[in-house]
Amino acid sequence: MPKAGLSRERVLDAALDYVDTHGLPALSMRKLGAHLGVEAMSLYRHVPNKDALLDGLVDRVMEHAFAGLSVDFDDWVPWMRSFAHSLRAALLAHPGVLPLAATRPVNSPDALRMSERWLAAMRAAGLPLGRAMDVVNVVATFTIGHTLAEAGRTPGHEDSDPNLDEHAGDLDPAEFPNLLEVITTRAGLDFDHRFAEAVDILLAGYAALPPVADPHVPSP
């Protein structure tokens with residue numbers, strides 16, 4: 001890719017592609033430059049340092065997740081359900097970024113503007129500000145954690161401890177009958193069902209809480 005064709009979006013998308021293939025530990029400005037066919041110094045016009053690159057990766061995944069998520073709604077529950085499923089899908093598409101999504105705050109100017117629009121729309125739909133903030137944070141945190149567990153070994157960490165299936169031959173049926181039945185029947189291992197049901201339970205719980213007055217409800 002020619003140097004003149006670089007943009008922040010292209011740099012971040014190339015970094016996502018690199019991390020998805022090679023893993024987060026392998027990422028460096030030099031390797032990303034080589035991946036793009038440019039000198040590493042060319043990247044600093046778009047991401048000033050490695051920390052900015054890592055933050056940008058999380059921002060870019062969030063942009064992909066919520067690109068089609070409108071804030072024009074009257075009922076916040078189905079909107080939050082779409083929020084959760086969109087976030088999970090984007091994270092599963094870029095599992096190398098999961099460790100960053102779990103540990104780095106999303107506080108870029110664009111992310112803050114996006115959060116502001118969400119909160120305004122949720123307040124307009126009837127949620128007070130504090131509860132709206134709680135719902136977004138709880139659902140996002142659950143989604144990231146669930147997806148991290150679902151993805152298992154993220155790229156670059158393939159040599160970590162084996163999963164439950166790989167322990168099957170070591171388990172004594174007399175001591176671990178239930179775990180062996182899980183491995184055999186896959187009971188409770190349907191991640192799609194588990195995620196969807198848990199999100200619905202979370203949202204139903206919040207929706208059932210007594211209403212709380214909100215002193216000011218701005219327009220979305």
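**Exercise 1. Which residues does UniProt list for "DNA-binding region"?** Work out what the chain looks like there, and in the domain around it.

*Solution.* Start with the record: the unreviewed UniProt entry puts the "DNA-binding region" at residues 28-47. Next, turn to the model, which is a predicted one. Over residues 28-47, helix makes up 40% of the chain and strand 0%. The C-alpha atoms at the two ends of that stretch sit 12 Å apart.

Now widen the view. The same sort of record, again unreviewed, has "domain: HTH tetR-type" over residues 5-65. Across residues 5-65 the chain is 64% helix and 0% strand, with 25 Å between the end C-alpha atoms.

**Exercise 2. Describe the overall build of the chain.**

*Solution.* Begin by counting elements: there are nine helices and zero strands. Reading from the N terminus, that gives α-α-α-α-α-α-α-α-α.

Then look at the extent. Taken along the principal axes, the C-alpha atoms fill a box of roughly 60 × 55 × 20 Å.

Last, check burial and contacts. The chain has 220 residues, and 39% of them count as buried. Among contacts with a separation of 6 or more, 75% are between residues 24 or more positions apart.

**Exercise 3. Take helix H3: how far does it reach, and what covers its buried residues?**

*Solution.* First, the length. H3 has 17 residues and spans 25 Å from first C-alpha to last, close to the 24 Å expected at 1.5 Å a residue.

Second, list what is buried. Leu53, Leu54, Gly56, Leu57, Val58, Asp59, Arg60, Val61, Met62, Ala65 and Phe66 are the buried residues of H3.

Third, find the cover. It includes helix H1 (8-22), helix H2 (29-36), H4, H5 and H6.

Finally, pick one residue that touches this helix. Arg8 belongs to helix H1, and it touches His46, Gly56, Asp59 and Glu63, leaving out residues up to four places away in sequence. Two of the residues just named, Gly56 and Asp59, are on the buried list of H3.

**Exercise 4. Is Arg8 buried or exposed, or does it fall in between?**

*Solution.* Take the relative accessible area, which is 29% for Arg8. Buried would need under 20% and exposed over 50%. Arg8 therefore counts as partly exposed.

For a sense of distance, compare it with Thr147: the two are 139 residues apart along the chain, and their C-alpha atoms are separated by 27 Å.

**Exercise 5. Characterise the largest pocket: its volume, its lining and its chemistry.**

*Solution.* Start with the volume, about 520 Å³. Of the 23 lining residues, Val106, Ser115, Val136, Asn137 and Ala140 are the closest to the centre.

Next, ask which elements supply the lining. Those that give two or more residues are helix H3 (50-66), helix H4 (76-93), helix H5 (98-103), helix H6 (109-124) and helix H7 (129-151). H6 gives the most, with seven residues.

Then sort the lining by class: 17 nonpolar, four polar and two charged residues.

**Exercise 6. What does His146 touch, and why does it count as buried?**

*Solution.* Locate it first: His146 is in helix H7. Then check accessibility. His146 counts as buried because its relative accessibility is 9%, and the cut-off is under 20%. Now the partners: setting aside neighbours within four places in sequence, His146 is in contact with Phe191, Arg194 and Phe195.

**Exercise 7. Place three loop residues: Val71, Pro105 and Arg186.**

*Solution.* Go in chain order.

- Val71 lies in the loop between H3 and H4. At 26% relative accessibility, Val71 is partly exposed. Beyond residues up to four places away, Val71 touches Trp79, Arg117, Trp118 and Ala121. Leu119 is 48 residues further along the chain, yet the C-alpha atoms of Val71 and Leu119 are separated by 9.4 Å.
- Pro105 sits in the loop between H5 and H6. With 56% relative accessibility, Pro105 counts as exposed. Asp17 is 88 residues away from Pro105 in sequence and 21 Å away in space, C-alpha to C-alpha.
- Arg186 is in the loop between helix H8 (177-185) and helix H9 (191-207). Its relative accessibility of 39% makes Arg186 partly exposed. Here is the backbone detail to look for: Arg186 has a positive phi of about 70°, although it is not a glycine.

Note on methods. Residues are numbered from 1 along each chain as its sequence is written. This is a predicted model: local features need pLDDT of at least 70, side-chain atom pairs count only at pLDDT 80 or more; totals for chains, interfaces and linings use all residues. Side-chain values use heavy atoms; hydrogens and water are left out. On a 1 Å grid over the protein atoms alone, a cavity is a set of points where a 1.4 Å probe fits but cannot get out, and a pocket is an open set with protein on both sides within 12 Å along at least five of seven lines; lining residues have an atom within 4 Å of a point. Grid points are joined across faces, edges and corners, and a volume is the space filled by probe spheres set on the points. Helices (H or I, at least four residues) and strands (E, at least two) are DSSP runs, numbered from the N terminus. Ala, Val, Leu, Ile, Met, Phe, Trp, Tyr, Cys and Pro count as nonpolar, Asp, Glu, Lys and Arg as charged, and the others, Gly among them, as polar. UniProt positions are given in the numbering used here, feature names are shortened, and annotations may be inferred rather than shown by experiment. The expected span of a helix is 1.5 Å times one less than its number of residues. Buried means under 20% relative accessible area, exposed over 50%, partly exposed in between (1.4 Å probe, protein chains only). Contact means heavy atoms within 4.5 Å.
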